[in-house]
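Reader: I would like to understand how the words used for a protein structure are justified. Could you take me through them one at a time?

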Amino acid sequence: MSAGQSLVVGVDVGGTFTDLFVLDEAGRSARVVKVPSTRGEEARGFMNGIAQVAGDARAISTIVHGTTVGTNALLERKVARTGIITTAGFRDVLEMRRRDRPRTWGLRGDYQPIVSRDLRLEVDERVLADGTVHAPVNLEQVEAAARSLMAQGCEAVCVFFVNAYANPVNEAQAVARVRTIWPNEHVTAASEVLPEIREFERCSTAVLNAALQPVVGSYLNRLESDLQEHGFKGELLVVQSNGGVMSRQTACGLPVRTALSGPAAGVIACAAIARAAGFPDVVTGDMGGTSFDVSLVAAGEASLSAQTSIDFGMVVRAPMIQIETIGAGGGSIASVDAGGLLQVGPESAGSTPGPACYGRGNTRPTVTDANVLLGRIAADRPLGGGLLARMDVALARAAIEAHVARPLGLDVHAAAEAILTVANAKMAGAIRLVSIERGHDPRKFAYMPFGGGGALHVCAMMNEVGTEYGIVPRFPGVTSALGCVMADMRHDGVQTLNVALDGLDEDDLRARIDDLARICQERLDSAGVAFEVVHESIELDMLYVGQSHTVRVEVGRPELSRAGIAAAFEQAYRAAFGRSLAGIPVRILNLRYARIGRRPKFDLTLLAPTGTEMPAALGTQTVFHAGQWHDAVRYARLDLPVDARVDGPAILEQADTTIWIEPGFSGRVDTLGNLLISRVGT
């Protein structure tokens, strides 16, 4: 860190707000900043936040950015026009997928791949599954295909040859030829993005990477240019979907790894906060304006998956934190369908025009409108970041009356509570999805809400799922930005082996691991960041012969022998399925490697309350709950000292969120400033 550079800033750009968490390493202090996002011009909202952080950007040593630019571009299909050059006979891999359907039981279903068929061109080449070059690539065809795609207005191109994971020689030659004539750097080789067996997943991941390169690359390059104009001379890092961070240059080349990076950063922060609070097992729930993102942390570690689907048919195969997303945010719209059933979401009012109570033209009710009408959010409080000075209760009432109360024949307050009941049921279903369906009992986990709206529903979630404790972080509305500051730098590599364990060449395996370690270390070094320590993770995807799905087996350097790997596989298989299959041969499908650079740890005590006296209440507020009105006491949450206890019904207010403690529940402030919520008497 240069002299005068003492600020580390985490930035999470959401649909409604851009959140910043600012750590002053010299002064050992932290603060939060929240500004309205600028939809479609995310860089402007980002820079507005930076301007509030520091008058002189030269005081900032590192900016870590969690971005949804790539995810939103895929969901909205606002990506670059992209072409594919592929092996003859394989142009429809992207469209055939895994023979799945958007609606499992429907007779019809429409699907439009991200690249239309006229932009998927074939060339002659063939590598066999064992890596043998059966036919060399026809480079004249490759050049003609590239020129055709350029003539059709393609800004990016992906070269995908069917067995390039086994031997990339043909694909590498084709990419080299394309790069000699392509007008920009947006040329993706599928074997460089994902050198792994299974052609659809490799093709999908590489094509999405190519389609995102112009979008994410231009955004990050513009961002860095704006920062430099304001005097910033530090490092700009980007959060990956695996919870680690990478350099801006790596993110521009591999933008597909930024999918879900914002929610991933939030899970990293929650895991660290929960561990420090003595709760290694938590379910996290990020409730923003549009969605509710759920993840599970077991034994202090976030769960990683090998792949995810951004939308139907948009498969990304890359290590990422397991997150389930449903349309149940504060802006989710409530309606009564043709069958007379109350629905909440997935359509959202977002930040523009926003909930009806924002007074910006929306007349349909949302979850936020229900919370405002029922008194759980004080309408006269400014909405964080200067978005609104106050909210209009009358507009919320009118929307709920017209679209829910009258169609269902309910009192308007009963209708508002019905909206929340449906939304809570949907969120509880998502929690069960990440816990029960993966073999975990959610009652043994604490529930940690974050995001702007999560703490309003913490007690309801505890009731719905049966958890004993709720943990509301000190700054729940900016938890993802805090996670950006906490995240370590991480790079992953994968390589398909597809060998029988009995025939494994142990020396070859070690050599492949060393190659991946070198590549990942080079990427760590490119960021120019100092680490406290660097360590590695080695995993093997293994299965019994005849099986289709693999078990991920973690091994250390000492276990890299046939006997050591066999023992590790049996242990992992028994843990997953309760038994092993003696006598059946075992295969190793893929080698997975990760290299993690541990950044200096964030001291959570910086968030602890400094006061010692219980503050005076802000007053009382009438809240409608369980069919009747209650007088709820109001407090400024950040003024509560350690060990302060507040019994429900109560409302705790802070700039980034509101906490609703229901009757029968109690909240206590722990030594780190978290609010631990439990049922009265427990």
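Author: Let us start with a term: buried means under 20% relative accessible area, exposed means over 50%, and partly exposed lies in between, with a 1.4 Å probe and protein chains only. This is a predicted model, in which local features need pLDDT of at least 70, side-chain atom pairs count only at pLDDT 80 or more, and totals for chains, interfaces and linings use all residues. Residues are numbered from 1 along each chain as its sequence is written, and side-chain values use heavy atoms, with hydrogens and water left out.

Reader: What makes strand E2 mostly covered?

Author: A strand is a DSSP run of E with at least two residues, a helix is one of H or I with at least four, and both are numbered from the N terminus. Strand E2 covers residues 17–24, and seven of its eight residues are buried. In the whole chain, 57% of the 682 residues count as buried.

Reader: How do you know that E2 pairs with strand E1 and with strand E3?

Author: Two strands pair if DSSP finds at least two bridges between them. Seven bridges join E1 (residues 7–13) to E2 in an antiparallel run, while eight bridges join E2 to E3 (residues 29–36), also antiparallel. In E3, valine 32 is the bridge partner of phenylalanine 21.

Reader: Why is the chain, with its 16 helices and 33 strands, called as compact as a globular protein of its length?

Author: The radius of gyration is taken over C-alpha atoms, and the globule rule is 2.2 Å times the number of residues to the power 0.38. The chain has a radius of gyration of 26 Å, close to the 26 Å that the rule gives for 682 residues, so it is as compact as a globular protein of that length.
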